[in-house]
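Please work through the exercises below with the sequence and the coordinates open beside you, and try each task before reading its solution.

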Amino acid sequence: MNKKVTLSLLSATVFASMAASAFAAPTQGVYMGGSVDKFYKLDDLFNLTAEAKKQFVTNLNTANPGLDFKNLVFVDFDGKGAKFSEILAAGTLPKAKRDLTKADFEGSYVTVNLDGSNGASYDPRNDAVDVPTGDLKVESVSAINASQIQIVFSDVVDETSAIAAGNVTFDGFTANTRELQEDGKTLIVTTNTPIKVKTDVVVTVKGVKLDADNNKVVPTFTKVISVEDTVKPEVASIVAKTNGASASTATVTFTEPVKAAAVIKIDGVVAGATQAGSKVTLSNLNLDATKTHTLEIVNLTDTADNVTPLVTKTFTVTTDVNAPQVSSLAAKGDHQILVTFNKPVTLASVQAAVGNKIKDELLADVNVDTIKVATPGATTSDTQFIIPVKDKLFTTATSRTLTVVFNKDIVDTLGNKSEAVTKTVTLTKDVTAPAITSIQAKKAADGKTEAIVVNFSEGVLAQAAGFDVAKIRVLAPNGTDATTNFFATAQPAIAEGATKATVNLKVATQLSGVYTFIIAKDAVSDLAETANTSAAFTSTVDFGAAPTGEFKIDPSDVTSSKNKNNTITVNYKQVVKGGAVAGSATDVNNYTLGGKALPQGTIITLSADQKQAIIDLPHTESVATSDKAIFTISGVQNVAGTTISPVTTTVDVVDNVAPVLESAKVLDNKTIELTYSENIAALTNADVFDSFKIVNGTTAIPLATGELVADSVSGFGKKVKVTIKQGADRAGTPASATAGGAASAKVTIANGTAATKDATLSYTVVDNNGTLEVQDGSNAVVATLTAGAGSFVVDGVTVTLAGAVAADAFTVTTKAAVAGTSATTLDLNKAITVETKATTAVKDIAGNVQKVDVKVDVK
């Protein structure tokens, strides 16, 4: 491999790790073995002095004289890593990363300081594991949003088995698409029917195989996850670019998938609408590159119907007036040239600029085939392109230096055009033959081998008819020749550049023992100008021990009654042990429900044919929540003594636990608020006279139909309000005062509601020697008037006269306030207790009536 390319990939790997680094054991960094035995910490690697950097390159070459990089170990932040040869083979660090064992390290390494001098010695074997810990398992299952569920495996898995519908199943979620991510460990499953209300989803994973070894299958895994998306969508980014004064397009990316048709405005003008998905590109815009712009989206709605009423976000236009440039030319094999640009450019403009000819050392024409994009999935533009050389290059030489003339006007995606440029590249004749590196088994879900996979050291020439099975000889474990009818006649095609080939068996077979595969020479050819062919190869594959009468059942063989009896039936489909013996199917210790032992009082019996176990949970007080509960079976044996393969599934269980009155408090002298152990079914003015016994002091309040009613408390599912409605209430009357008599019009009473007693009093205005006086019925003077005006107070009210003359007569009638009277009320100065009684009026959401004879003190 080209040394610059290797160092570039090393840099990319290191940078990717540093972006998330925390700590690791073994310590994160680069370990150089061979005759070097040096260790470079990641934190130091890019801060080395110039001299130390040169020494790094020297050490790199010395440690790996054959450039196979097997003596170079990279450790990531989490203590996992890989040999650099493994990273190169996989293409990326995430695909190659694994648990590092003591055997991966050669011994103690000398830590290199920033100036290149030797530091302390460090032995990573002290922090590495003895053996790999990586049995394939499901590490996590989670809901990303209302439309997607993510399953993460502990290791890279076989894609075919991971996306197979029968291997990852759901109850409560409709899977429409399944996509294994680039790391090979993360599966994202998407539905076209988003979950809009909180829903429990049962996820079951089985039959998914390890990519490196199809003999390893993930154990059956079941988990109940709660899917609820309450997060409102937002705009993650807005990108608008131009090479001029204005941009005509803008790409809006959202934080999650959104629905279509939300109106989008830019600078107050409608620019378009959202499309279903995570981004939308708006066209026909005229965005001034010198100004800040405002994007608004009205009622942005995600797939769970969470709505952001108004999104407002400002953005600016990125101006790019730089011409695209050719960054590098590199050999891709011995007759292809890899061209890299500093930005995406159009395929058509590259093809036009190069044409169908390049130059050799003497500037003679060398014909080339049609130039194509290098990045998988790219179509009309890319940053890398492949120039296939059509003419023979190595007739008389083993190395050729070619010149590529790039004429002007290679165009980037914004329309910037390049200047003409000339670049050279050296191609070296490939004389290294492709090698068959290993053979592994590919098994079906039932354990039968359906194919073998032959792995190559490099990409090979296409074979439309597939691998030539005539070149494979098969020896059975006993040494006999098993070649005849072992493989199918027709085999799947091998694509150009493939690094593995699948060779199908004639019939999927339950193989066991160690088979030997002998592959003749010339089985595959590489992609060199003069193709190199593979040498003969012999390898063994251990298919494992022969089946010994496995005892397995499917999760669907476990069913539940789906009522409050909560009876679970297990169909073992063969006779099982029962009674007080080891491996008994009637032993409650061989089962769990919801991660716990079966409830106390559970009874397990066998059917008459001893093939079914009927698990009868207590009919009351055994299941507290109606839900899907995880149910496991282990340790059960058939009559032959074979132990069942552990089973994990879910069963529907129904709440059969009575709600319990926990506390009570007074709201007023007729109302008590009750609190229960769980949510109570809705009550509205419900007659509960026979549901409770209320004792005030030492006396129980006698209640008849309609005299105690209950209502739910809004927003508090566990609370109930009970109100005493016994007897009729009588409203009170306020105090009042009125004037009467012939002169009543001259009398004003301002505060009649202050009257203190019931009375009617008579008054007369008398002229006493020129002074007007107000006298009561006993001729007592109560007020002296001036110009016919004055006031006096009687029974708490103020009486005022105006314009009075002698002989005026009037009366004042007062009425004291009368308090209202109430029917039966609680004496809050005495103790109050509430006790539950047998009834059907008060029950929980599942219909269980309240527990009786529960007495609580009212606070």
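The exercises that follow concern a predicted model, and each task is followed by a solution in steps.

**Exercise 1. The order of strands in a sheet**

Task: Determine in what order S25, S26, S30 and S29 are arranged in their open sheet, and which strands stand at the edges.

Solution. Begin with strand S25 (residues 326-331), which is joined to S26 by 5 bridges, the two strands running antiparallel. Next, follow S26 to strand S30 (residues 381-388), with which S26 pairs in the antiparallel sense over 7 bridges. The complete arrangement is an open sheet of 4 strands in the order S25-S26-S30-S29, with antiparallel pairing. S25 and strand S29 (372-373) each have a single partner strand and therefore stand at the edges, so that one side of each is left without a neighbour in the sheet.

**Exercise 2. Register and turn around S26**

Task: Find which residues of S26 stand opposite Leu329 and Val326, and which residue takes a positive phi in the hairpin of S25 and S26.

Solution. On the side of S25, Leu329 stands opposite Val339 in S26, while Val326 faces Phe341 of S26 in the pairing. On the side of S30, the residue opposite Gln336 is Pro388. The hairpin of S25 and S26 has 4 residues between the strands, and Gly333 takes a positive phi there, near 75°.

**Exercise 3. Cover over S26**

Task: Establish how many of the residues of S26 are buried, and which helix lies across S26, S29 and S30.

Solution. Strand S26 (residues 336-346) is mostly covered, since 8 of its 11 residues fall under the 20% limit of relative accessible area that defines buried. The helix in question is H7 (residues 347-354), which lies across S26, S29 and S30 and runs at about 130° to S26.

**Exercise 4. A loop residue beside the sheet**

Task: Decide whether Thr380 is buried or exposed, and list what Thr380 touches beyond residues up to four places away in sequence.

Solution. First locate Thr380, which is found in the loop between S29 and S30. Its relative accessible area is 59%, and Thr380 is therefore classed as exposed, the cut-off for that class being over 50%. When residues up to four places away in sequence are not counted, Thr380 touches Val345, Thr346 and Leu347. For a separation on another scale, take Thr380 and Ser762, which are 382 residues apart in sequence and lie 111 Å apart in space, C-alpha to C-alpha.

**Exercise 5. Positive phi outside glycine**

Task: For Asn299 and Gln610, state where each is placed and how accessible each is.

Solution. Asn299, a residue other than glycine, has a positive phi near 55°; the residue belongs to strand S22 (residues 292-301) and is partly exposed at a relative accessible area of 42%. Gln610 is not a glycine either, yet has a positive phi of about 60°. Gln610 is placed in the loop between strand S43 (603-606) and strand S44 (612-616), and a relative accessible area of 33% makes Gln610 partly exposed.

**Exercise 6. A nonpolar surface patch**

Task: Identify which residues form a nonpolar patch with Val270 on the surface.

Solution. The patch consists of Val263, Val270, Val298 and Leu310, which together have about 310 Å² of accessible area. Within this group, Val270 is found in strand S19 (residues 269-273), and Val270 counts as exposed because its relative accessibility is 54%.

Technical notes: Residues are numbered from 1 along each chain as its sequence is written. This is a predicted model: local features need pLDDT of at least 70, side-chain atom pairs count only at pLDDT 80 or more; totals for chains, interfaces and linings use all residues. Side-chain values use heavy atoms; hydrogens and water are left out. Patches are made of residues with over 30% relative accessible area and no salt bridge: like charges are joined within 9 Å, nonpolar side chains (Val, Leu, Ile, Met, Phe, Trp, Tyr) within 5 Å. Accessible areas come from the Shrake-Rupley method with a 1.4 Å probe; for residues, only the protein chains shown count as cover. A salt bridge is a side-chain nitrogen of Lys or Arg within 4 Å of a carboxyl oxygen of Asp or Glu. Buried means under 20% relative accessible area, exposed over 50%, partly exposed in between (1.4 Å probe, protein chains only). Two strands pair if DSSP finds at least two bridges between them. Contact means heavy atoms within 4.5 Å. Axes are lines fitted to C-alpha atoms, for helices over the stretch in contact, and angles run from 0 to 180 degrees between N-to-C directions.
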